[in-house]
Amino acid sequence: MTSAVYLIFGATGDLARRKLFPAFYSMYRERKLGDRFAVIGLARRPRTNEQFRDDLYESIQEFARYNVTKDEQWDSFVEHFHYLPLDINNVDGFKKLRELTDELDGKFEIGGNKLFYLALSPELFGNVSHNLKAGGMLEGTGWNRLVIEKPFGYDLPSAEKLNAEIRQVFDEQDIYRIDHYLGKEMVQNINVVRFANTFFEPLWNNKYIANIQITLSETVGVEERGGYYDRSGALRDMGQNHMLQMLAVMAMEPPSRMHPEDIRDEKVKVFRSLRGFQTAAEVRANTVRGQYVSGTLKGKPVPGYREEDSVNPESTTETYFAARVFVDNFRWAGVPFYIRTGKRLPAKTTEVVVEFKNVPNNVYLSRKHKLEPNLLVFRINPMEGIYFKINAKQPGTEGTIIPVAMDFCQSCQVGLNTPEAYERLLYDAARGDSTYFTRWDEVALAWKYVDKIASAWGERTEDLHLYAAGTWGPERGQQLVAEDGFRWWPVQ
Ligand code: BG6
């Protein structure tokens, strides 16, 4: 049931404009929202409903999957949207908010459900939660759910503090922590491919898999987020959340039922099995960090990280990191998971590659054929699909063996207009399905793992490797994999 008043904190911000408002519009067009809903935009700056609705139109025009025109359908959609200026530190404003919420709840026959979406900086989550309660926003019939954005803390202690503040007001089951990678179509497809096919699962272990590689590369620099990013860095911005979440989805055991808690329990077991680093030397041997300097990307010169706005000109923050991760359990003993992410790399792509072990005996060796390993590739972003690389005879030859691809390109299908991650997640939160949101124990264990790396890196900075924008990161990133006799498979 998606009937709810959606309260968007941070309604004049970038996330609301680029992702949330277009998501509402798609949900509306696909009749997932129905008519019993209202959206209240909240931010400090004064704005009238009309101005807010104009902003809404612009954002939908620019970013939505559907075309929009100011017709009757638009009018009936936009009448559900209201704006209220709010100082989140002042409880009196929340009382006004309560009145507006009740009014809209009555008008659209909503029945008391409220979804609070905090598109805000995490330092404010505690205060907002507190004032929601003190302002009477959580009273009455219907459910109250809290949806929050990352980063959830800066390290384990700060995440614990943040969690404690929120938990004073909301129960864990009502907290929806967003990791938008879990909302991506192909990340969700990993479980389906694994658990709905006979092919893969029997091979999904250390007997057959040589290594797994997860690459999340971006061409963008830090854009206008220099202030946030310089404090965070790639490890916290991408590693603690998106990368480890994808790793967990790849490594988890089949749950007994596809129930949110069962699935999350299995992911937690993976996080518990991560081999934690004991010493700074171990961290240095198994991780690589880099920072981009000026270079050329897609034929254009781009500045170095230290020249970006709001970045400390002497910053030692990493914009690239790679790591060799082990999952110490029966299934994965000895199989390295290589993860890497970086800004200002040559391509925007997210791919997961499963490299299989060689056949036990190469009967073609006498013909001097070195066989390429089989690969299974999940293309997550921006292309979506699955790609399987196998060895086959080159037609018309005397048995020359070449790798060929079996390629399922989901994003090539004509007319396919798949929902954006945020659409899916917003819809799931409104329906009370928490499968693709991160539970506190997952978040805490991921911080525990990442904190060890961050603290070793904090001890000294000589191992920060510089790389030119437009390259695949520092050479040391290649070595990390080469040391084990492997190589990064080029992204497709
Ligand atoms: C965000 C990070 O979580 O993910 C950004 O904070 C990053 O730094 C973004 O650019 C990447 O997301 P996507 O969906 O564009 O791959």
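This passage describes a ligand site and a set of annotated residues in a predicted model. In this model, local features need pLDDT of at least 70 and side-chain atom pairs count only at pLDDT 80 or more, while totals for chains, interfaces and linings use all residues. Residues are numbered from 1 along each chain as its sequence is written, and side-chain values use heavy atoms, with hydrogens and water left out.

The ligand is surrounded by residues with a heavy atom within 4 Å of it. They are Lys150, His180, Tyr181, Lys184, Glu218, Arg225, Asp237, Met238, His242, Lys343, Lys348 and Asn381. Helix H8 (residues 226-251) supplies the largest share of this shell, three residues. Helices are DSSP runs of H or I of at least four residues, and strands are runs of E of at least two, numbered from the N terminus. A side-chain N or O atom of Asp237 lies 2.6 Å from a ligand oxygen. For Lys348, a polar side-chain atom is 2.6 Å from a ligand oxygen. For Asn381, the distance is 3.1 Å. Taken alone, the ligand exposes 400 Å², of which the protein buries 79%; areas come from the Shrake-Rupley method with a 1.4 Å probe.

An unreviewed UniProt entry lists "binding site" positions, including Thr12, Arg17 and Lys150. Such annotations may be inferred rather than shown by experiment. Thr12 sits in the loop between strand E1 (4-9) and helix H1 (14-29). Arg17 lies in helix H1. Thr12 is partly exposed at 27% relative accessible area, and Arg17 is partly exposed at 32%. The class lies between buried (under 20%) and exposed (over 50%), with a 1.4 Å probe and protein chains only.

Conventions
Polar contact = N/O pair within 3.5 Å; in protein donor to acceptor, adjacent residues only side chain to side chain.
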